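Thanks for making time. I will go through one sheet and then a few charge pairs, and I will keep it short.

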Amino acid sequence: MTGEIKNKLEKISKILSESGIEVYSAKELKSYLYDETPPSLGLKPTENVLITKPRNTNEVSKIMKIASRERIPVFVRGGGTGLSGGAVPTAEGLILSTEKMKKMEIDVENFCAVCGAGITLRELIMNAEASGLSFSPHPGDETATVGGMVSTNAGGVRAMKYGVMRNYVLGLEAVLPNGDIIKLGGKLIKNNAGYNMMHLLIGSEGTLAVVTEVVLRLLPPFRKTATIAVPFKTIEGAIEAVVEILRNGTIPLALEYIEREALEIGEKVSGKRWPPKDEANLMVIIEGRNEDELVEVAEKIEEICIGKGASNAFIALGYKEQRDLLEVRSLIYEGMKEKVIEVLDVSVPPAQIPEYVKRCNSVAEKMGFKVVNYGHAGDGNIHQHPLKTEGWEEKYEELKKTFFRIARELGGSITGEHGVGIVKKKDLKEHLSKAEYELLQKIKRAFDPDGILNPGKVVDL
Ligand SMILES: Cc1cc2nc3c(=O)[nH]c(=O)nc-3n(C[C@H](O)[C@H](O)[C@H](O)COP(=O)(O)OP(=O)(O)OC[C@H]3O[C@@H](n4cnc5c(N)ncnc54)[C@H](O)[C@@H]3O)c2cc1C
C-alpha cells in the first residue's frame, strides 16, 4: 500500500470505528474482493482496501464525505452476485458493503415496499408474500440485494411478462460522491418533475451514487402456474414457436431457450431429470386463474410448438414437477462455472436470435471454441457461455469482439442484463458512438468530478 493512502485509510478507519461503523481489513473478509464473474477472466482485485459496513443513509453520507475530502476511491458492494466485476475493487480505497442496511416496510395500501439497499431478493420476496403481495423481477440468485438489482437494472426469467427492475422502482434515496443525500421519486406512480435522475441512477452500476433506500412497486400475488418443456430439433423451430406463442395472445411468465448440453449440465448438478429433450428446448411458464385455464393455454402452446416442429410437449402442473424443472434450469451456470470463460448476455430483437446464435456458433467453431447457449428467448436476451479450450487466452478477445459486432449488425446491445462493469468497459466504448460516449463521460463528471466512486468501471472520466 502506498504510504500516503495507508495513512489516510488508517485515519478513516479510526474515525469510522469511533462512530460505531464496522471496519474490516481485506485479510479478514477476502471474499469481499470478488463477485461471481467467472474466474477465467482473471480479474485481479486490489487487496489494499478496507471494508466498511454502514447501517443507514447518514452513515453512508459520512463515509462519502470523508472519502471525498481525502480523495479515496469507494466501491459499493451489495450481494456480490454480479457477473461483470462491478463490485470488484480496482484501486486502494474502501469497499462500502450495504449488508447492514436492512430497513423493510411493506405499504399494502400503496402496493409498495420501502427497502434498505441491503435487503436481499429473498427477504423482499418473503416480506411481500407475507403481506399478500408479490415482487416480480427475479434475477437468478436470491442473495442479490435491492441496491445491487437497482444499480444493475436486473432482469431475470420473469422480465418477459413483468419487465425489469426499472419498471418497479418508484423512488430512490441515494448519496452522492460528495456525501449529499438526494431523494428521487417516492410512492408515486407518476412524476414528471424535471429530467428523470432516478432512471439515470438505475443501471449506473455504482458509478454515480450510492443507492441507500428504494421504494419498489409490488403486485397482487402470482396466480397458479404451469411449466411446459418442449424439445425442438432446431433453434429456428424453437424461436418461430416463441413468436407464434406471443402472437397468439399468451404472454408467458417465462420463455426460456436452452440447448441440450446446458440441460444435461443442469440435470447433473440438480440430480433431477428433464423430460425428453432435443438440441433446442423451450421452457415456458404460464400463469392462470385455475387448472382448467392453465391446461387450455398449455395445450394451445403444445399445438403451436408441434406445428413448428416439436416432437411433443411435457406439461407440469404440480408444484414439485415444476420446481424440479426450474432447478435444472437454475443450476446450469453452477455446473459450468469452472469451464466458462465469460457469461455473455447480448440482447437482440427476439426474432433475430436464430441468426445471431447461428452466426456466432459458426465463428466459434472456426476459431476452435465450443459455446453453450441458453437464456431469455422471449425478450431476446441470450446467454452465451464460451468454454475454455486449449490456447483460448490468445483468441478469446477476438471471439467476443466478433460476437458483439454481429449483435450490433442485428440491432442488438452488448449487454441486456449483467451490465458493463470491468469486463465490458472497453467494448462499451466501441459499441457507442463518440457523441454517446462523451455524454456518458460528462454525466459521470457531473456526479463524480473526482472519480472516486467505483473507478475503473463502465466509463472513464
Ligand atoms: C447464478 C446467477 C444468476 C443470475 N441471473 C441473473 C438474471 O437472470 N438476470 C440478471 O439481470 N442478473 C442475473 N445475475 C447477476 C446478478 O445477480 C445481478 O446483476 C444482481 O442485480 C446483482 O446484485 P448484487 O446485490 O449482488 O450486486 P453486486 O454484485 O454487489 O454489485 C453489482 C453492481 O452494483 C453496484 N451496487 C451494488 N449495490 C449498490 C448500491 N446500493 N448503490 C450503488 N451501487 C451498488 C456495485 O458497485 C456493482 O457495480 C445472476 C447472477 C448469478 C450468480
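Before the sheet, one definition: two strands count as paired if DSSP finds at least two bridges between them. What you have in front of you is a predicted model.

Take strands E2 and E4. Strand E2 covers residues 49–53 and strand E4 covers residues 93–97; the two run parallel and are joined by four bridges. One residue to look at here is Ile51, whose bridge partner in E4 is Ile95.

Now the sheet as a whole. In which order do the four strands sit? The order is E1-E2-E4-E3, in an open sheet with mixed pairing. Strand E1, residues 22–25, and strand E3, residues 74–77, are at the edges with a single partner strand each, so each has one side without a neighbour in the sheet. On average, and ignoring direction, neighbouring strands of this sheet are turned by 25 degrees against each other.

There is also a helix to place. Helix H2, residues 57–70, lies across E2, E3 and E4, and runs at about 165 degrees to E4.

On to charges. Side chains of opposite charge can pair when their charged atoms come close. Searching the whole structure gives 43 salt bridges. I will pick out a few.

The first pick is Lys30 with Glu47, where the closest N and O atoms are 3.2 Å apart. Both residues lie in the loop between E1 and E2, so this salt bridge ties together parts that are 17 residues apart in sequence. Lys30 is partly exposed, at 41% relative accessibility. Glu47 is partly exposed as well, with a relative accessible area of 41%.

Next is Arg55 with Glu59, a salt bridge whose closest N and O atoms are 2.6 Å apart. Are these two residues buried or exposed? Arg55 is partly exposed, with a relative accessible area of 40%. Glu59, at 11% relative accessibility, counts as buried, because the cut-off for buried is under 20%.

The last pair is in helix H15. Lys434 and Glu438 form a salt bridge at 3.0 Å, N to O. They are four residues apart in H15, which spans residues 434–447, and that puts about one helical turn between them. Lys434 counts as exposed at 63% relative accessibility, while Glu438 is partly exposed at 32%.

Besides these pairs, there is a network: Lys233, Arg260, Asp278 and Glu279 are joined into one by salt bridges that share partners.

That is what I have for today.

Conventions: Residues numbered from 1 in each chain as written. Predicted model: local features only at pLDDT ≥ 70, side-chain atom pairs only at ≥ 80, totals over all residues. Heavy atoms only, no water. Axes fitted to C-alpha atoms, helices over the stretch in contact; angles between N-to-C directions. Contact = heavy atoms within 4.5 Å. Salt bridge = Lys/Arg side-chain N within 4 Å of Asp/Glu carboxyl O. Buried < 20%, exposed > 50% of the residue type's maximum accessible area, 1.4 Å probe, protein only.
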